[in-house]
Amino acid sequence: MNKLITTFKHIFSIEELRGRILNTLLFIAFFRLGSYIVLPGVDATKLSQPGDGGLFGLLNMFSGGALSNASVFALGIMPYISASIAIQLLTIALPYFQKMQKDGESGRKKLNQITRILTIFVTAAQGFTYLQVTIPAEAILVDPWFFRLYGVAILVGGTMFCMWLGEKITDKGIGNGISMLIMIGIVSRFPASILQEAGSRGMSGALLFIIEIIALFFIVMGAIMVTQAVRRIPVQYAKQVVGSKMAVGGERQYIPLKLNASGVMPIIFAQALMFIPGLVAQSFADKSEFASSVAQSFGDFTTWQYNVLFAFLIIVFTFFYTAISINPTQISDDMKRGGGFVPGVKPGEETAGFIASILDRITLPGAVMLSIIAILPAVANLFGVTRGFASFFGGTSLLILVGVVLDTLQQIESYLLMRKYEGLMQSGRVKGRSEVITR
């Protein structure tokens, strides 16, 4: 406890770090305040509350409940995430975007500008659908079409403001701003969820509640292990002689291939597709008993049919996203140009094949572990845990929380080490997702 107090004193004794933490808290306060400001012309008492499952429940969790509140930040930062993913895929598929990505700082600025413009169109499309589908007619106090017209404009403005807040947190605060806003949206639901779970157990179920907290602790530790697990490939750099002097070189470094290189993206992609089977089956439910049964099975995220398909899609998307994110041929070419080689492996195609084979071997267990984490909330719900609290036992929310917290702690530790203070841990170092090369 004394070390913890001393560490906090050191953190707030560093002027720059103290300012960044206070700036982050201020920006987060603005973000949370906006999630409670209801759109003009909406009667908040007549809004229907979404369930915790499905795509709508996932988006509502990311926005910290702003989606169900019909607030000015209802769509939050998710349209920007969608636009960023689309641009990322285009940089792989189209040579024009590939060229911009390789143009350095100028290319990055162009891609950021295109992403912002695309975010406006994505927000407008999602905003119109959101106003049309989720807000009941009895909750609208003005002309419906006029409401949708200015409502879309307000939602676009809200999303752009959230994007600006995220960029300001990155520049003036601590951690990655966009990820921080998503994490805050998730964490904001935790106190209410844990109080609801404790209330449902009562005094007679106090022991079960304690067991759930212990189980949650070990699940978080397991998620950290999956997030941090790395297969290191040794790379030897040849010594270079310039004139009569020996240049720097000859040291051994490592290429860290993460067990879970794709992060939470496979779960997000799979979650976005899971509503399709139920939607299609629902269309034929009146004509077929089988279709009605399928619609019922895929309308509940705790059924075995839902979770088997969910896990399968996660494994497929893990391989897909890893394949488009990590290019063994490019890694091999970069190593060759820098004078590096894997000991015992010839540079060029053989090195690319060696890296690809290792990537294939670690991606399968990583995908299986990711799918297990994704279906843990359904397992917890089957054991009697309330749906709100069960969502923290795994899935997208847990992985985002773990990743963002690790990144933020890594930045704080770097400030402490620069000022010759002790790090946050007595042994080892906090390793975030931003680490690329480890010696």
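E16 and R20 both lie in helix α2 (residues 15-34), four residues apart, which is about one turn of the helix. Helices here are DSSP runs of H or I with at least four residues, strands are runs of E with at least two, and both are numbered from the N terminus. The model is predicted: local features need pLDDT of at least 70, side-chain atom pairs count only at pLDDT 80 or more, and totals for chains, interfaces and linings use all residues. Residues are numbered from 1 along each chain as its sequence is written, and side-chain values use heavy atoms, with hydrogens and water left out.

**Salt bridges**

E16 and R20 form a salt bridge, with 3.6 Å between the closest N and O atoms. The term stands for a side-chain nitrogen of Lys or Arg within 4 Å of a carboxyl oxygen of Asp or Glu. Side chains of opposite charge can pair when their charged atoms come close. By this rule the count comes to three salt bridges.

| Salt bridge | Closest N and O atoms |
|---|---|
| E16 and R20 | 3.6 Å |
| R116 and E167 | 2.8 Å |
| D334 and R337 | 2.4 Å |

R116 and E167 meet through their side chains. This pair links distant parts of the chain, since R116 is in helix α6 (residues 105-133) and E167 in helix α7 (residues 144-172), 51 residues apart. D334 and R337, by contrast, both lie in helix α15 (residues 328-337), three residues apart, about one turn of the helix.

The paired residues can also be described by their exposure. Buried means under 20% relative accessible area, exposed means over 50%, and partly exposed is in between, using a 1.4 Å probe and protein chains only. In the α2 pair, R20 counts as buried because its relative accessibility is 19%, while E16 is partly exposed at 40%. R116 is partly exposed with a relative accessible area of 26%, and E167 is partly exposed at 25%. In α15, D334 is partly exposed at 39%, whereas R337 is exposed at 65%.

**The sheet and the helix across it**

Three strands form an open sheet in the order β4-β1-β5, with antiparallel pairing. Strands β4 and β5 (340-341) stand at the edges and have a single partner strand each, so one side of each is left without a neighbour in the sheet. Two strands are taken to pair if DSSP finds at least two bridges between them. Strand β1 (residues 230-237) and β4 are joined in the antiparallel sense by seven bridges. In this pairing, P234 has Y254 of β4 as its bridge partner, and I233 stands opposite I255 in β4.

Strand β4 (residues 252-258) is largely enclosed by the rest of the structure, because six of its seven residues are buried. Helix α16 (residues 349-382) lies across β1 and β4 and runs at about 40 degrees to β4. Here contact means heavy atoms within 4.5 Å. The axes are lines fitted to C-alpha atoms, for helices over the stretch in contact, and angles run from 0 to 180 degrees between N-to-C directions.

**Contacts around T386 and I194**

T386 lies in the loop between α16 and α17 (387-390). T386 is buried, with a relative accessible area of 16%. Leaving out residues up to four places away in sequence, T386 touches S193, E197, S200 and N381.

I194 is part of helix α9 (residues 190-201). With the same exclusion of residues up to four places away in sequence, I194 touches F209, I213 and F389. The C-alpha atoms of I194 and G388 are separated by 8.2 Å, although these residues are 194 residues apart along the chain.

**A nonpolar surface patch**

L273, F275, I276, L279, V280 and F284 form a nonpolar patch on the surface, with about 530 Å² of accessible area together. Patches consist of residues with over 30% relative accessible area and no salt bridge; like charges are joined within 9 Å, and nonpolar side chains (Val, Leu, Ile, Met, Phe, Trp, Tyr) within 5 Å. Accessible areas come from the Shrake-Rupley method with a 1.4 Å probe, and for residues only the protein chains shown count as cover. Helix α12 (residues 275-283) gives the most to the patch, with four residues. L279 lies in α12 and is exposed, with a relative accessible area of 51%.

**The whole chain**

The secondary structure of the protein chain comes to 18 helices and five strands. Of the 439 residues, 44% are buried. Among contacts between residues at least 6 apart in sequence, 71% join residues at least 24 apart. The chain exposes about 23,100 Å², and carbon and sulfur atoms supply 66% of it.
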